[in-house]
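Colleague: Could you take me closely through one part of this protein and then show how it fits with its surroundings? I would like a connected account that I can follow with the structure open beside me.

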Amino acid sequence: FPVTITEPGGEMRRPDRVLMGAEATVIDFKFGKKRESSHIYQVREYISLIKRSGVAYVKGYVWYPEEDELISVQ
């Protein structure tokens, strides 16, 4: 479901998808064939922000739907 994360300082961040349950899963969709380290960095930032909000276990993924490629982010 859509989740807006407020950073300290008030900036709003919005991952494409966050699945919540016993753990949280962040999924960020990217289109096109270009793979950039900034995609991984962005998901790592989302993971960090969610952990700071009190969620103990958070997984993250970058998904390139056009190629059906899913990259796990630690």
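Modeller: Let us start at R52, which is found in helix α1, and bear in mind throughout that this is a predicted model. The protein averages a pLDDT of 89, and 97% of the residues score at least 70. That confidence is lowest in strand β1 (residues 5-6), with a mean of 80, and highest in strand β5 (residues 58-64), where the mean is 95.

With a relative accessibility of 55%, R52 counts as exposed, because the limit for that class is over 50%. Its C-alpha lies 9.6 Å from that of E7, although the two residues are 45 apart in sequence.

To see what the helix rests on, turn to the sheet, which is open and has 4 strands in the order β3-β4-β5-β6, with mixed pairing. The edge positions belong to β3 (17-20) and β6 (69-73), and each of these has a single partner strand, so one side of each is left without a neighbour in the sheet. On average, and with direction ignored, neighbouring strands of this sheet are turned by 20° against each other. Helix α1 (residues 37-52) packs on this sheet and touches β3, β4, β5 and β6, while its direction makes about 155° with that of β5.

Going through the sheet in order, β3 is joined to strand β4 (residues 24-29) by 4 bridges, and these two strands run antiparallel. Within this pair, R17 stands opposite I27 in β4. The next pair, β4 and β5, runs parallel and is joined by 6 bridges, with V62 in β5 as the bridge partner of D28. Helix α1 also belongs with this pair, since β4, α1 and β5 make a right-handed β-α-β unit. As for β5 itself, 5 of its 7 residues are buried, and the strand is mostly covered.

On its other side, β5 runs antiparallel to β6, and 5 bridges join the two. V62 appears here again, as the residue whose bridge partner in β6 is I71. These two strands form a hairpin with 4 residues between them. D68 is found in the loop between β5 and β6, and it has a positive phi of about 50° although it is not a glycine. With a relative accessibility of 62%, D68 lies over the 50% limit and therefore counts as exposed.

Back at the helix, what can be said of the nonpolar residues? The largest nonpolar core has 15 residues, and V26, V43, I47, I50 and V58 are those with the most contacts inside it. The elements that give two or more residues to this core are β4, α1 and β5, and α1 provides the largest share, with 5 residues. V26 shows how these parts come together: leaving aside its neighbours within four places in sequence, V26 is in contact with a set of residues that includes P15, R17 and V18, then V43, Y46, I47 and I50, and also V58, K59, G60 and Y61.

Taken together, helix α1 carries the exposed R52, packs on the sheet and gives 5 residues to the largest nonpolar core.

Definitions and conventions: Residues numbered from 1 in each chain as written. Predicted model: local features only at pLDDT ≥ 70, side-chain atom pairs only at ≥ 80, totals over all residues. Heavy atoms only, no water. pLDDT = per-residue confidence, 0-100. Pairing = 2+ DSSP bridges. Axes fitted to C-alpha atoms, helices over the stretch in contact; angles between N-to-C directions. Contact = heavy atoms within 4.5 Å. Buried < 20%, exposed > 50% of the residue type's maximum accessible area, 1.4 Å probe, protein only. Right-handed = clockwise from strand over helix to strand, strands pointing away. Core = buried A, V, L, I, M, F, W, Y, C linked by side-chain atoms within 4.5 Å.
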